[in-house]
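Please read the report that follows with the structure open beside it, and look up each residue as it is named. The text moves from charged pairs to a single helix and then to a loop.

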Amino acid sequence: MESKKKLNEQKGSSGELKKITTTLDSLPAGNPNETQIAKKMPLPAGVTSKMLYKDVIRIGWPALVELMLMQLTSMADQMMVGQLGAWATSAVGLTMQPKMLLSTAFMALNTGAMALVGRYRGAGDEKRANLVLRQAFMLNAFFGLFFAIVGTIFSRQMVNFMGATEEIVLVEATKYLQIQMLGMFTVSMTSCITSCLRGCGDSKTAMIYNTVANAVNVTFNYLLIYGKFGFPRLEVVGASIATVLGQLIAFFMAMYAIRRKNQFIRLTFPKGSIRLDIPTIKNITKIGFPSMIEQLAMRFGVIVFTKTVTGLGTMAYATHQICMNIQALTFMNGQAFATSATSLVSQSLGKGRTDMARHYSKRTQNIGTTVAIFIAIFVFFCNKFVLGLYTPEAEIIAVGSSILSMVAIIQPFQSAQFILAGALRGAGDTKYTAMVTMLTVMLLRPGLAILLVNYVGLGLHGAWYALVADQLVRTGLVVLRYASGKWTTSFKPVEVED
């Protein structure tokens with residue numbers, strides 16, 4: 001094995017010094033056509049578990065901080081808006097699923113872009129990685145603009161479809177969603193940059209610009225929701241404006257970051273490059289299209305699930321929305337280390353090192369499970385305190401505390417599901433994850449919720465029993481796929497011309 005000093009001085013194709021950032025870079029390339037690697041294969045000579053854990057944490061901790069801060073900002077939005085009343089909490093909550101539904105196209109594109117950039121990073125192919133970035137960025141700009149226009153025009157219809165039961169909720173939710181849709185154009189391109197940076201192992205840059213964006217969001221929440229320091233009191237509309245302002249700041253910072261020199265990927269548009277490269281787009285869509293189907297299935301299922309809950313009334317839906325917001329905070333552990341799994345697995349497979357893909361994903365799961373146990377303990381014993389930060393309503397706190405006890409119990413399973421699904425996506429095995437989502441989120445969760453809420457009469461608790469069942473079944477199916485090893489050879493990229 002080459003010495004660390006020598007490795008850190010390796011040069012990229014551009015002739016500029018490239019800093020080696022993972023243990024994988026120190027290893028020789030393997031056989032990209034390798035089909036089966038023993039599950040308990042020993043680590044390569046000179047490589048220790050500590051080195052691999054360090055790689056996982058180096059990518060995962062900035063993603064964890066970023067996602068937690070983003071979710072804390074969302075919690076701050078909910079808390080500040082919640083002080084206006086249950087109607088305001090419901091109004092903001094009803095906009096979440098329509099917004100996510102219209103985001104599916106660029107979310108799918110970025111899943112494909114991240115996996116491909118990771119592969120080319122592992123193979124040391126800087127030219128093709130930047131081609132993926134450029135093509136994905138142009139596609140994101142198109143879809144972001146298209147859905148911004150469509151979403152703004154049809155905001156009222158989408159909110160009405162979600163089941164707004166009071167006129168004030170319908171009116172305020174429509175205003176909130178229209179402003180959110182206008183920001184979708186910049187959000188799509190920022191998401192593309194974030195995904196590509198993470199694909200090559202850089203999650204710290206995204207953490208920085210999203211942290212600044214969150215600070216802007218919270219600051220303008222305070223100023224615009226309540227009308228402080230001479231700013232107008234805009235209530236729910238003010239919260240939406242604050243979010244879009246933060247997103248705009250993140251976009252400008254991301255654009256600056258992705259155009260810096262001396263990094264593996266850099267967004268440039270040389271003469272003649274503003275055109276579609278069909279082989280590259282095919283590779284992006286081979287991974288991204290199943291991911292889009294997965295997201296659409298998820299949105300469909302969650303919308304049906306949400307509509308089932310809205311039928312229980314404004315107070316029940318406000319309780320549900322607060323609990324969902326808190327549960328989303330617990331997602332951050334799995335999502336952050338899924339970033340590590342996706343990046344390191346894709347880089348390992350790009351270098352033909354299926355063994356390293358397994359070693360990295362195993363250690364990523366170990367870290368995620370450990371963190372999940374601590375989260376479970378906190379949520380179980382401190383749920384009433386957390387709920388009290390959102391609302392003074394005794395009824396919401398009483399019902400919400402029992403629901404959050406369920407959230408605590410499923411934490412280790414939830415973490416394993418996110419991380420191993422991230423490993424599958426890093427390998428390009430998105431067809432399987434799409435199938436699992438269609439089975440569980442689109443069919444099992446809403447179907448069981450309708451049964452337990454409308455026919456068994458379990459109310460809001462019935463809906464959450466359905467959600468727990470969905471999480472447990474999904475975890476089992478993802479674990480089975482990972483254990484089979486089929487994900488290591490599930491994706492064969494289309495050849496791209498030099």
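## Salt bridges

D470 and R474 form a salt bridge in which the closest N and O atoms are 2.8 Å apart. This is a predicted model, and the distances and areas given here are computed from it. Both partners belong to helix 18, which covers residues 459-484, and because they are 4 residues apart in that helix, about one helical turn separates them. D470 is buried, with a relative accessible area of 0%, and R474 is buried as well, at 9%, since buried means a relative accessible area under 20%. The pair also takes part in a wider arrangement, for R445, D470 and R474 are linked in a network of salt bridges.

Side chains of opposite charge can pair when their charged atoms come close. How many salt bridges does the rule for such pairs give? The count comes to 11 salt bridges, and the table lists three of them, including the pair already described.

| Pair | Closest N to O distance |
|---|---|
| D470 and R474 | 2.8 Å |
| R121 and D25 | 3.0 Å |
| R156 and E167 | 3.9 Å |

In the salt bridge between R121 and D25, the side chains meet at 3.0 Å, N to O. R121 lies in helix 5 (residues 104-123), whereas D25 lies in the loop between helix 1 (4-7) and helix 2 (49-82), so this pair ties together parts that are 96 residues apart in sequence. Both R121 and D25 are buried.

The salt bridge between R156 and E167 has its closest N and O atoms 3.9 Å apart. Here R156 belongs to helix 7 (residues 155-161) and E167 to helix 8 (residues 167-182), so the pair ties together parts that are 11 residues apart in sequence. R156 is partly exposed, with a relative accessible area of 39%, while E167, at 51% relative accessibility, counts as exposed, because the cut-off for exposed is over 50%.

## Helix 15

Helix 15 consists of 16 residues (residues 394-409), which at 1.5 Å a residue should span 22 Å, and the distance of 23 Å between its end C-alpha atoms agrees with this. There is nevertheless a kink of about 25° in helix 15, centred on S401. S401 is itself among the buried residues of this helix, which also include I396, I397, G400 and L404. The cover over the buried residues of helix 15 includes helix 13 (314-350), helix 14 (354-390), helix 16 (411-426) and helix 18.

## Around helix 11

Most residues other than glycine have a negative phi. Which value does the phi of F229 take? The phi of F229 is near 55°, a positive value in a residue other than glycine, and the phi of E235 is likewise positive and near 55°. F229 is found in the loop between helix 10 (204-226) and helix 11 (236-258), and E235 is also found in the loop between helix 10 and helix 11. F229 is exposed, with a relative accessible area of 70%, whereas E235 is partly exposed, at 25%.

Is S240, which is found in helix 11, buried or exposed? S240 is buried, because its relative accessible area is 0%. Leaving aside residues up to four places away in sequence, S240 touches Y176, I179 and Q180.

Note on methods
Residues numbered from 1 in each chain as written. Predicted model: local features only at pLDDT ≥ 70, side-chain atom pairs only at ≥ 80, totals over all residues. Heavy atoms only, no water. Helix = DSSP H or I, 4+ residues; strand = E, 2+ residues; numbered from the N terminus. Buried < 20%, exposed > 50% of the residue type's maximum accessible area, 1.4 Å probe, protein only. Contact = heavy atoms within 4.5 Å. Salt bridge = Lys/Arg side-chain N within 4 Å of Asp/Glu carboxyl O. Expected span 1.5 Å × (residues − 1). Bend = angle between axes of the 7 residues up to and from the residue.
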